[in-house]
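Open your viewer and get ready to click along. We'll go stop by stop, and at each one you'll hear what to select and what is there.

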Amino acid sequence: MLALLDTVTGRVEPLQPRSAGKLSVYACGPTVAGVPHIGHARANLVWDSLRRYLTWSGMQVRFVSNVTDIEDKIIAKANDEGTTTDEVAQRYEALWRQTMDRLGVQRPDDVPHATEYVERMVDLVGDLVGKSSAYVAGDGVYFSTASLDGYGLLAHQSLESLRAGARVEVDEEVGKRSPLDFVLWKLSKPGEPSWPSPWGPGRPGWHTECVVMSLDLLGEGFDLHVGGLDLAFPHHENERAQAVASGAEFARRWAHNGMVNDERGEKMSRSVGNVLSLPNLLDHYEGRELRYFMLQTHYRRPMAVSEDGLEQARASVRRFDNFLWEMRDAPAVTADHEVVGAFRARLDDDFDTPGAIGVLFGAVNTARSDAGRAPSIAAAVRECLGSVGVFSRDGQAQLGEREARLVAERDEARRQKDWATADAKRAELAAMGYVVSDGPDGTAIRPA
(Lines give C-alpha, C1' and ligand atoms only; values in the text may rest on other atoms or scores of the structure.)
Protein backbone atom coordinates (compact mmCIF):
# COMPACT_ATOMS: atom_id res chain seq x y z
CA MET A 1 0.00 0.00 0.00
CA LEU A 2 1.29 3.45 -0.90
CA ALA A 3 2.31 5.70 1.99
CA LEU A 4 2.63 9.50 1.84
CA LEU A 5 3.86 12.12 4.24
CA ASP A 6 0.84 13.68 5.92
CA THR A 7 1.37 17.43 6.23
CA VAL A 8 -0.61 17.46 9.48
CA THR A 9 1.21 14.68 11.34
CA GLY A 10 4.61 15.08 9.68
CA ARG A 11 4.82 11.30 9.30
CA VAL A 12 4.85 9.00 6.28
CA GLU A 13 1.69 6.98 6.72
CA PRO A 14 -0.18 4.47 4.53
CA LEU A 15 -3.15 5.78 2.59
CA GLN A 16 -6.21 4.16 4.09
CA PRO A 17 -9.23 5.02 1.92
CA ARG A 18 -12.62 5.37 3.57
CA SER A 19 -13.92 2.89 0.97
CA ALA A 20 -11.76 -0.11 0.09
CA GLY A 21 -10.26 0.15 -3.39
CA LYS A 22 -11.46 3.73 -3.92
CA LEU A 23 -9.63 7.00 -3.32
CA SER A 24 -11.16 10.50 -3.39
CA VAL A 25 -8.70 13.30 -4.15
CA TYR A 26 -9.12 17.07 -4.32
CA ALA A 27 -6.56 19.43 -5.86
CA CYS A 28 -6.82 23.21 -5.93
CA GLY A 29 -7.05 24.23 -9.58
CA PRO A 30 -6.11 27.39 -11.45
CA THR A 31 -7.26 30.96 -11.07
CA VAL A 32 -7.76 31.61 -14.77
CA ALA A 33 -6.25 35.08 -15.05
CA GLY A 34 -2.92 34.44 -16.75
CA VAL A 35 -0.57 32.15 -18.63
CA PRO A 36 0.27 28.83 -16.90
CA HIS A 37 3.83 28.69 -15.56
CA ILE A 38 6.43 26.17 -14.43
CA GLY A 39 5.04 26.04 -10.88
CA HIS A 40 1.70 24.87 -12.27
CA ALA A 41 3.57 22.20 -14.23
CA ARG A 42 5.18 20.74 -11.13
CA ALA A 43 2.03 20.50 -9.05
CA ASN A 44 -0.05 19.07 -11.87
CA LEU A 45 2.58 16.58 -13.05
CA VAL A 46 3.30 15.32 -9.53
CA TRP A 47 -0.33 14.66 -8.66
CA ASP A 48 -1.19 13.41 -12.15
CA SER A 49 1.67 10.90 -11.87
CA LEU A 50 0.40 9.81 -8.45
CA ARG A 51 -3.12 9.46 -9.81
CA ARG A 52 -1.90 7.37 -12.75
CA TYR A 53 0.19 5.15 -10.48
CA LEU A 54 -2.68 4.51 -8.09
CA THR A 55 -4.97 3.65 -11.01
CA TRP A 56 -2.33 1.32 -12.46
CA SER A 57 -2.05 -0.30 -9.03
CA GLY A 58 -5.74 -1.16 -9.11
CA MET A 59 -7.21 1.77 -7.16
CA GLN A 60 -10.36 3.52 -8.39
CA VAL A 61 -9.48 7.20 -8.13
CA ARG A 62 -11.93 10.08 -8.30
CA PHE A 63 -9.93 13.24 -8.91
CA VAL A 64 -11.56 16.66 -8.53
CA SER A 65 -9.87 19.96 -9.37
CA ASN A 66 -11.67 23.29 -9.47
CA VAL A 67 -11.46 26.43 -11.59
CA THR A 68 -11.51 29.83 -9.89
CA ASP A 69 -13.34 31.90 -12.50
CA ILE A 70 -14.10 34.94 -10.34
CA GLU A 71 -11.39 36.60 -8.27
CA ASP A 72 -9.58 39.93 -7.84
CA LYS A 73 -6.91 39.04 -10.41
CA ILE A 74 -9.55 38.26 -13.03
CA ILE A 75 -11.35 41.54 -12.33
CA ALA A 76 -8.07 43.47 -12.58
CA LYS A 77 -7.21 41.76 -15.87
CA ALA A 78 -10.64 42.55 -17.31
CA ASN A 79 -10.31 46.20 -16.28
CA ASP A 80 -6.83 46.45 -17.81
CA GLU A 81 -8.05 44.93 -21.08
CA GLY A 82 -11.38 46.74 -21.17
CA THR A 83 -13.32 43.49 -21.38
CA THR A 84 -15.49 41.33 -19.14
CA THR A 85 -14.48 38.91 -16.40
CA ASP A 86 -16.31 36.13 -18.24
CA GLU A 87 -14.23 36.72 -21.37
CA VAL A 88 -10.99 36.74 -19.40
CA ALA A 89 -11.89 33.58 -17.48
CA GLN A 90 -13.02 31.68 -20.57
CA ARG A 91 -9.94 32.67 -22.58
CA TYR A 92 -7.43 31.69 -19.91
CA GLU A 93 -9.28 28.52 -18.99
CA ALA A 94 -9.09 27.44 -22.65
CA LEU A 95 -5.34 28.16 -22.59
CA TRP A 96 -5.02 26.20 -19.34
CA ARG A 97 -6.76 23.13 -20.78
CA GLN A 98 -4.72 23.29 -23.96
CA THR A 99 -1.49 23.56 -21.96
CA MET A 100 -2.38 20.71 -19.60
CA ASP A 101 -3.23 18.55 -22.62
CA ARG A 102 0.16 19.32 -24.17
CA LEU A 103 1.76 18.48 -20.84
CA GLY A 104 0.02 15.10 -20.84
CA VAL A 105 -2.02 15.72 -17.69
CA GLN A 106 -5.26 13.77 -17.51
CA ARG A 107 -8.45 15.78 -17.23
CA PRO A 108 -9.98 15.72 -13.72
CA ASP A 109 -13.09 13.61 -13.25
CA ASP A 110 -14.93 16.75 -12.10
CA VAL A 111 -14.06 20.40 -12.79
CA PRO A 112 -16.31 22.58 -10.63
CA HIS A 113 -16.30 26.32 -11.28
CA ALA A 114 -16.54 28.86 -8.49
CA THR A 115 -19.36 30.76 -10.20
CA GLU A 116 -21.48 27.59 -10.22
CA TYR A 117 -21.35 27.35 -6.42
CA VAL A 118 -21.96 30.90 -5.23
CA GLU A 119 -25.37 30.16 -3.68
CA ARG A 120 -23.90 27.28 -1.67
CA MET A 121 -21.04 29.50 -0.56
CA VAL A 122 -23.53 32.09 0.66
CA ASP A 123 -25.23 29.32 2.66
CA LEU A 124 -21.91 28.30 4.23
CA VAL A 125 -21.04 31.89 5.16
CA GLY A 126 -24.49 32.35 6.69
CA ASP A 127 -24.03 29.17 8.72
CA LEU A 128 -20.65 30.39 10.01
CA VAL A 129 -22.11 33.79 10.95
CA GLY A 130 -24.94 32.03 12.78
CA LYS A 131 -22.41 29.97 14.76
CA SER A 132 -20.36 33.07 15.67
CA SER A 133 -17.44 31.72 13.65
CA ALA A 134 -17.72 34.66 11.28
CA TYR A 135 -18.72 38.31 11.61
CA VAL A 136 -19.91 41.15 9.39
CA ALA A 137 -17.48 44.02 8.81
CA GLY A 138 -17.59 47.16 6.74
CA ASP A 139 -16.42 45.56 3.49
CA GLY A 140 -17.81 42.05 3.85
CA VAL A 141 -17.87 39.01 6.10
CA TYR A 142 -14.77 37.64 7.85
CA PHE A 143 -13.94 34.31 9.49
CA SER A 144 -12.91 34.68 13.11
CA THR A 145 -9.76 32.59 13.53
CA ALA A 146 -9.94 33.07 17.30
CA SER A 147 -13.21 31.13 17.32
CA LEU A 148 -11.58 27.88 16.17
CA ASP A 149 -9.50 25.76 18.50
CA GLY A 150 -6.45 24.41 16.69
CA TYR A 151 -6.27 27.04 13.96
CA GLY A 152 -2.80 26.78 12.40
CA LEU A 153 -2.69 22.97 12.24
CA LEU A 154 -1.25 22.83 8.72
CA ALA A 155 1.30 25.51 9.57
CA HIS A 156 2.33 23.62 12.73
CA GLN A 157 1.98 26.86 14.67
CA SER A 158 -0.39 28.05 17.36
CA LEU A 159 -2.80 30.91 16.84
CA GLU A 160 -0.73 33.07 19.18
CA SER A 161 2.46 32.37 17.25
CA LEU A 162 0.80 33.11 13.91
CA ARG A 163 -0.74 36.29 15.26
CA ALA A 164 2.62 37.49 16.57
CA GLY A 165 4.20 36.97 13.16
CA ALA A 166 1.40 38.49 11.11
CA ARG A 167 2.49 41.31 8.82
CA VAL A 168 -0.96 42.63 7.92
CA GLU A 169 -2.29 45.39 10.13
CA VAL A 170 -5.89 45.35 11.31
CA ASP A 171 -8.07 47.83 9.42
CA GLU A 172 -10.08 49.39 12.24
CA GLU A 173 -12.26 51.37 9.84
CA VAL A 174 -13.39 48.17 8.16
CA GLY A 175 -13.88 46.39 11.46
CA LYS A 176 -11.56 43.43 10.91
CA ARG A 177 -10.73 42.03 14.33
CA SER A 178 -7.46 40.18 13.72
CA PRO A 179 -4.80 40.23 10.99
CA LEU A 180 -5.34 36.46 10.65
CA ASP A 181 -9.08 36.74 10.00
CA PHE A 182 -9.88 36.16 6.33
CA VAL A 183 -12.66 37.31 4.09
CA LEU A 184 -15.54 34.96 3.27
CA TRP A 185 -17.70 37.41 1.37
CA LYS A 186 -16.47 40.59 -0.35
CA LEU A 187 -18.90 43.43 -0.94
CA SER A 188 -18.58 44.51 -4.56
CA LYS A 189 -17.52 47.93 -5.72
CA PRO A 190 -19.43 49.70 -8.50
CA GLY A 191 -18.97 47.94 -11.84
CA GLU A 192 -17.68 44.70 -10.34
CA PRO A 193 -19.44 41.34 -10.81
CA SER A 194 -21.71 40.52 -7.89
CA TRP A 195 -24.21 38.05 -6.52
CA PRO A 196 -26.95 38.69 -3.95
CA SER A 197 -26.42 37.86 -0.29
CA PRO A 198 -27.88 38.80 3.11
CA TRP A 199 -24.91 41.16 3.62
CA GLY A 200 -25.19 42.93 0.30
CA PRO A 201 -24.14 42.25 -3.32
CA GLY A 202 -20.68 40.76 -3.54
CA ARG A 203 -18.60 37.72 -4.34
CA PRO A 204 -17.07 34.85 -2.35
CA GLY A 205 -13.58 34.95 -0.89
CA TRP A 206 -11.01 32.64 -2.47
CA HIS A 207 -10.67 30.44 0.62
CA THR A 208 -14.38 29.55 0.63
CA GLU A 209 -14.96 28.01 -2.78
CA CYS A 210 -12.89 24.83 -2.39
CA VAL A 211 -14.63 23.95 0.90
CA VAL A 212 -18.04 23.91 -0.72
CA MET A 213 -16.98 22.20 -3.95
CA SER A 214 -14.87 19.44 -2.41
CA LEU A 215 -17.51 18.50 0.16
CA ASP A 216 -20.27 18.57 -2.45
CA LEU A 217 -18.48 16.33 -4.95
CA LEU A 218 -16.41 14.08 -2.68
CA GLY A 219 -18.41 14.16 0.56
CA GLU A 220 -17.28 14.57 4.13
CA GLY A 221 -14.04 12.93 5.16
CA PHE A 222 -12.72 12.61 1.62
CA ASP A 223 -9.40 10.83 1.44
CA LEU A 224 -6.71 13.23 0.23
CA HIS A 225 -6.26 16.96 -0.39
CA VAL A 226 -3.16 17.84 -2.44
CA GLY A 227 -1.45 20.97 -3.71
CA GLY A 228 1.70 23.06 -3.67
CA LEU A 229 3.42 23.79 -0.37
CA ASP A 230 2.70 27.50 -0.83
CA LEU A 231 -1.01 26.70 -0.46
CA ALA A 232 -0.71 24.83 2.84
CA PHE A 233 -0.94 28.09 4.78
CA PRO A 234 -3.02 30.10 4.70
CA HIS A 235 -5.21 28.77 1.87
CA HIS A 236 -5.60 25.14 2.88
CA GLU A 237 -5.66 26.00 6.57
CA ASN A 238 -8.48 28.46 5.89
CA GLU A 239 -10.41 25.84 3.93
CA ARG A 240 -10.03 23.41 6.81
CA ALA A 241 -11.06 26.04 9.36
CA GLN A 242 -14.35 26.76 7.61
CA ALA A 243 -15.24 23.10 7.24
CA VAL A 244 -14.44 22.28 10.87
CA ALA A 245 -16.29 25.36 12.15
CA SER A 246 -19.36 24.35 10.14
CA GLY A 247 -19.31 20.92 11.76
CA ALA A 248 -18.15 18.99 8.68
CA GLU A 249 -15.36 16.45 8.55
CA PHE A 250 -12.90 17.69 5.93
CA ALA A 251 -9.93 16.00 4.24
CA ARG A 252 -8.56 12.98 6.11
CA ARG A 253 -5.03 13.42 4.70
CA TRP A 254 -3.00 16.30 3.27
CA ALA A 255 0.01 16.14 0.92
CA HIS A 256 2.00 19.01 -0.59
CA ASN A 257 4.69 19.25 -3.26
CA GLY A 258 7.77 21.45 -2.90
CA MET A 259 8.44 24.74 -4.61
CA VAL A 260 10.21 25.47 -7.90
CA ASN A 261 13.44 27.48 -7.82
CA ASP A 262 15.61 28.92 -10.55
CA GLU A 263 19.18 27.72 -11.01
CA ARG A 264 20.38 30.26 -8.41
CA GLY A 265 18.08 28.67 -5.82
CA GLU A 266 15.63 31.59 -5.76
CA LYS A 267 11.92 30.74 -5.69
CA MET A 268 10.24 31.29 -9.02
CA SER A 269 7.33 33.73 -8.85
CA ARG A 270 5.64 36.35 -10.97
CA SER A 271 6.52 39.05 -8.42
CA VAL A 272 10.24 38.30 -8.76
CA GLY A 273 9.96 38.06 -12.55
CA ASN A 274 11.81 34.76 -12.94
CA VAL A 275 8.83 32.53 -13.62
CA LEU A 276 8.88 30.47 -16.84
CA SER A 277 5.89 30.42 -19.19
CA LEU A 278 4.69 26.84 -19.56
CA PRO A 279 3.41 27.17 -23.16
CA ASN A 280 6.81 28.60 -24.17
CA LEU A 281 8.60 25.78 -22.38
CA LEU A 282 6.44 23.23 -24.19
CA ASP A 283 7.56 24.72 -27.50
CA HIS A 284 11.04 23.41 -26.66
CA TYR A 285 10.42 20.28 -24.59
CA GLU A 286 7.90 17.46 -24.82
CA GLY A 287 5.42 17.01 -22.03
CA ARG A 288 6.96 13.65 -21.15
CA GLU A 289 10.43 15.23 -20.97
CA LEU A 290 9.14 17.82 -18.52
CA ARG A 291 7.38 15.10 -16.54
CA TYR A 292 10.58 13.07 -16.35
CA PHE A 293 12.49 16.18 -15.29
CA MET A 294 10.00 16.83 -12.48
CA LEU A 295 10.02 13.22 -11.29
CA GLN A 296 13.80 13.23 -10.90
CA THR A 297 13.29 15.31 -7.74
CA HIS A 298 11.31 13.95 -4.80
CA TYR A 299 7.93 15.63 -4.80
CA ARG A 300 8.41 17.20 -1.35
CA ARG A 301 11.80 18.77 -2.08
CA PRO A 302 12.48 22.14 -3.73
CA MET A 303 13.27 21.69 -7.41
CA ALA A 304 15.79 23.78 -9.32
CA VAL A 305 15.07 24.45 -13.00
CA SER A 306 17.92 25.00 -15.43
CA GLU A 307 18.53 24.45 -19.12
CA ASP A 308 21.26 21.90 -18.31
CA GLY A 309 18.85 19.95 -16.13
CA LEU A 310 16.17 19.93 -18.79
CA GLU A 311 18.63 18.78 -21.44
CA GLN A 312 19.85 15.99 -19.18
CA ALA A 313 16.25 14.88 -18.68
CA ARG A 314 15.77 14.83 -22.45
CA ALA A 315 18.90 12.70 -22.85
CA SER A 316 17.68 10.27 -20.18
CA VAL A 317 14.32 9.88 -21.88
CA ARG A 318 16.12 9.28 -25.16
CA ARG A 319 18.18 6.55 -23.49
CA PHE A 320 15.03 4.71 -22.51
CA ASP A 321 13.68 5.25 -26.04
CA ASN A 322 16.78 3.75 -27.58
CA PHE A 323 16.64 0.71 -25.30
CA LEU A 324 13.00 0.03 -26.16
CA TRP A 325 13.75 0.56 -29.86
CA GLU A 326 16.51 -2.01 -29.69
CA MET A 327 14.07 -4.45 -28.05
CA ARG A 328 11.23 -3.79 -30.51
CA ASP A 329 11.49 -7.25 -32.11
CA ALA A 330 11.85 -9.15 -28.82
CA PRO A 331 9.17 -11.78 -28.14
CA ALA A 332 6.20 -10.70 -26.04
CA VAL A 333 6.88 -11.73 -22.45
CA THR A 334 5.67 -10.95 -18.95
CA ALA A 335 7.25 -7.90 -17.35
CA ASP A 336 10.18 -8.78 -15.11
CA HIS A 337 8.70 -9.25 -11.63
CA GLU A 338 11.89 -8.25 -9.83
CA VAL A 339 12.09 -4.92 -11.66
CA VAL A 340 8.40 -4.13 -11.26
CA GLY A 341 8.52 -5.08 -7.59
CA ALA A 342 11.53 -2.86 -6.87
CA PHE A 343 9.93 0.01 -8.81
CA ARG A 344 6.70 -0.29 -6.84
CA ALA A 345 8.53 -0.54 -3.52
CA ARG A 346 10.16 2.83 -4.19
CA LEU A 347 6.93 4.54 -5.18
CA ASP A 348 4.96 3.04 -2.30
CA ASP A 349 7.46 4.65 0.08
CA ASP A 350 6.30 8.28 -0.04
CA PHE A 351 6.20 8.29 -3.84
CA ASP A 352 9.97 8.15 -4.24
CA THR A 353 10.13 8.80 -7.98
CA PRO A 354 13.91 9.46 -8.10
CA GLY A 355 14.49 6.05 -6.50
CA ALA A 356 12.02 4.40 -8.88
CA ILE A 357 13.75 5.93 -11.90
CA GLY A 358 17.06 4.66 -10.54
CA VAL A 359 15.60 1.15 -10.45
CA LEU A 360 14.75 1.39 -14.15
CA PHE A 361 18.18 2.68 -15.12
CA GLY A 362 19.75 -0.19 -13.22
CA ALA A 363 17.42 -2.60 -15.01
CA VAL A 364 18.51 -1.29 -18.42
CA ASN A 365 22.15 -1.83 -17.44
CA THR A 366 21.30 -5.39 -16.41
CA ALA A 367 19.57 -6.02 -19.73
CA ARG A 368 22.72 -4.95 -21.59
CA SER A 369 24.68 -7.72 -19.89
CA ASP A 370 21.95 -10.37 -19.57
CA ALA A 371 20.37 -11.09 -22.95
CA GLY A 372 18.09 -13.72 -21.43
CA ARG A 373 16.38 -11.21 -19.15
CA ALA A 374 16.41 -8.34 -21.63
CA PRO A 375 12.92 -8.95 -23.12
CA SER A 376 11.23 -9.15 -19.72
CA ILE A 377 13.16 -6.12 -18.50
CA ALA A 378 12.07 -4.14 -21.57
CA ALA A 379 8.46 -5.08 -20.83
CA ALA A 380 8.92 -3.94 -17.23
CA VAL A 381 10.52 -0.64 -18.22
CA ARG A 382 7.72 0.09 -20.68
CA GLU A 383 5.04 -0.76 -18.10
CA CYS A 384 6.64 1.13 -15.24
CA LEU A 385 7.28 4.30 -17.24
CA GLY A 386 3.70 4.12 -18.46
CA SER A 387 2.39 3.81 -14.90
CA VAL A 388 3.51 7.37 -14.08
CA GLY A 389 2.84 8.90 -17.49
CA VAL A 390 6.34 8.88 -19.01
CA PHE A 391 5.26 7.03 -22.14
CA SER A 392 8.36 6.03 -24.05
CA ARG A 393 8.21 5.77 -27.81
CA ASP A 394 8.48 2.24 -29.13
CA GLY A 395 9.98 2.90 -32.52
CA GLN A 396 7.62 4.84 -34.79
CA ALA A 397 4.52 4.04 -32.72
CA GLN A 398 4.50 7.21 -30.63
CA LEU A 399 5.95 10.53 -31.70
CA GLY A 400 6.52 13.53 -29.52
CA GLU A 401 4.78 16.76 -30.48
CA ARG A 402 7.83 18.38 -32.07
CA GLU A 403 8.84 15.23 -33.98
CA ALA A 404 5.31 14.71 -35.28
CA ARG A 405 5.17 18.31 -36.49
CA LEU A 406 8.53 18.08 -38.28
CA VAL A 407 7.60 14.76 -39.91
CA ALA A 408 4.29 16.23 -41.16
CA GLU A 409 6.02 19.38 -42.43
CA ARG A 410 8.65 17.32 -44.24
CA ASP A 411 6.03 15.10 -45.88
CA GLU A 412 4.08 18.15 -47.02
CA ALA A 413 7.25 19.74 -48.42
CA ARG A 414 7.99 16.55 -50.37
CA ARG A 415 4.45 16.51 -51.77
CA GLN A 416 4.99 20.09 -52.92
CA LYS A 417 8.41 19.12 -54.32
CA ASP A 418 9.95 21.73 -52.04
CA TRP A 419 13.19 19.82 -51.63
CA ALA A 420 15.03 22.58 -49.79
CA THR A 421 12.43 22.65 -47.00
CA ALA A 422 12.30 18.84 -46.88
CA ASP A 423 16.07 18.71 -46.46
CA ALA A 424 15.91 21.37 -43.74
CA LYS A 425 13.33 19.34 -41.80
CA ARG A 426 15.49 16.22 -42.18
CA ALA A 427 18.43 18.15 -40.74
CA GLU A 428 16.34 19.31 -37.77
CA LEU A 429 15.28 15.75 -37.01
CA ALA A 430 18.85 14.50 -37.36
CA ALA A 431 20.06 17.21 -34.98
CA MET A 432 17.51 15.94 -32.46
CA GLY A 433 19.09 12.49 -32.62
CA TYR A 434 17.02 10.63 -35.21
CA VAL A 435 17.81 8.58 -38.27
CA VAL A 436 15.47 9.74 -41.05
CA SER A 437 14.37 7.54 -43.93
CA ASP A 438 11.75 7.68 -46.67
CA GLY A 439 9.23 4.84 -46.64
CA PRO A 440 6.08 4.04 -48.63
CA ASP A 441 4.00 5.90 -46.01
CA GLY A 442 6.24 8.95 -45.90
CA THR A 443 9.00 10.02 -43.52
CA ALA A 444 10.07 7.42 -40.96
CA ILE A 445 12.33 8.15 -38.01
CA ARG A 446 14.02 6.13 -35.30
CA PRO A 447 16.46 6.98 -32.51
CA ALA A 448 20.05 7.14 -33.72
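At roughly what angle do the axes of helix α4 and helix α7 cross? Select residues 118-130 for α4 and residues 229-246 for α7: their axes cross at roughly 65° and come within 10 Å. Before going on, a word on what you're looking at: this is a predicted model, where local features need pLDDT of at least 70 and side-chain atom pairs count only at pLDDT 80 or more, while totals for chains, interfaces and linings use all residues. Residues are numbered from 1 along each chain as its sequence is written, and side-chain values use heavy atoms, with hydrogens and water left out.

**Stop 1: the crossing helices**

Helices here are DSSP runs of H or I with at least four residues, strands are runs of E with at least two, and both are numbered from the N terminus. Axes are lines fitted to C-alpha atoms, for helices over the stretch in contact, with angles running from 0 to 180 degrees between N-to-C directions. The crossing of α4 and α7 is left-handed (the near helix is turned anticlockwise from the far one by less than a right angle). Now show the side chains that make the contact (heavy atoms within 4.5 Å): Leu124, Asp127 and Leu128 from α4, and Gln242, Ala245 and Ser246 from α7.

**Stop 2: the cores**

Next, select Leu4, Leu103, Leu290, Phe323, Phe351 and Val381. These have the most contacts inside the largest nonpolar core, which has 68 residues. A nonpolar core is a set of buried Ala, Val, Leu, Ile, Met, Phe, Trp, Tyr and Cys residues joined through side-chain atoms within 4.5 Å. Buried means under 20% relative accessible area, exposed over 50%, and partly exposed in between (1.4 Å probe, protein chains only). Zoom in on Leu4: leaving aside neighbours within four places in sequence, its contacts include Leu15, Leu50, Tyr299 and Phe351. Apart from that core lies another, of 42 residues, with Phe143, Val211, Leu231 and Ala245 among them.

**Stop 3: a pair inside one helix**

Time for charges. The structure holds 30 salt bridges, each a side-chain nitrogen of Lys or Arg within 4 Å of a carboxyl oxygen of Asp or Glu. Pick Arg52 and Asp48, whose side chains meet in one of these at 2.7 Å, N to O. Both sit in helix α1 (residues 38-56), four residues apart, so about one helical turn separates them. Are they buried or exposed? Arg52 counts as buried at 13% relative accessibility, and Asp48 counts as buried at 3%.

**Stop 4: a small network**

Jump to Asp72 and Arg203, which form a salt bridge at 2.5 Å, N to O. Asp72 lies in helix α2 (residues 72-81) and Arg203 in strand β8 (residues 202-204), so this pair ties together parts 131 residues apart in sequence. Asp72 is partly exposed at 32%, but Arg203 is buried at 6%. Add Glu192: its salt bridge with Arg203 has the closest N and O atoms 2.8 Å apart. Add Lys186 too, and you have Asp72, Lys186, Glu192 and Arg203, joined into one network by salt bridges that share partners.

**Last stop: a long way across**

Click Ala76, in helix α2, then Val359. Their C-alpha atoms are separated by 49 Å, and the two are 283 residues apart along the chain.
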